[in-house]
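Hi,

Here is the model I promised to pass on. Have a look, and my notes are underneath.

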Amino acid sequence: YNSSREPKAENFEVKVYNQEQLNVHDYKIIGEISVEGCSCEIEKMLKEIKNKVRQEGGDAIIDLNLGDGVGGRISTDTYLISGKVIVI
């Protein structure tokens, strides 16, 4: 992370984009982020990841990925959400 970035305001809405939605010249990747939790908490995990992006001064997340294993499952009940933090 580039720690010189200012955190975004509490009410700033972090958006999630697919690779196809943005031109590669439209954004800059400033870091990667991931959150681990159980499958029943996916909404909570997403909220947490957006909060972390906001705190790092990011505008949005790209390449959001739910887990590496089968169906996003790492072990019996642990899920991992990851993505790249970008500024637009």
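Below is what I found, starting with the strands and moving on to the charged pairs.

Some housekeeping: this is a predicted model, where local features need pLDDT of at least 70, side-chain atom pairs count only at pLDDT 80 or more, and totals for chains, interfaces and linings use all residues. Residues are numbered from 1 along each chain as its sequence is written, and side-chain values use heavy atoms, with hydrogens and water left out.

Strand β4 covers residues 78-87 (helices, H or I of at least four residues, and strands, E of at least two, are DSSP runs numbered from the N terminus). Nine of its ten residues are buried (buried is under 20% relative accessible area, exposed over 50%, partly exposed in between, with a 1.4 Å probe and protein chains only). β4 pairs antiparallel with β2 (residues 28-38) over ten bridges, and with β3 (residues 60-66) over five; pairing takes at least two DSSP bridges between two strands. E32 has K84 as its bridge partner in β4, while N65 sits opposite S82.

There are five salt bridges (a side-chain nitrogen of Lys or Arg within 4 Å of a carboxyl oxygen of Asp or Glu). One of them joins E10 and R54, with the closest N and O atoms 3.9 Å apart. E10 lies in the segment before β1 and R54 in helix α1, so this pair ties together parts 44 residues apart in sequence. E10 is exposed at 69%, whereas R54 is buried at 7%.

K84 turns up again in a salt bridge with D63, at 3.0 Å. That pair links β3 to β4, 21 residues apart.

Cheers
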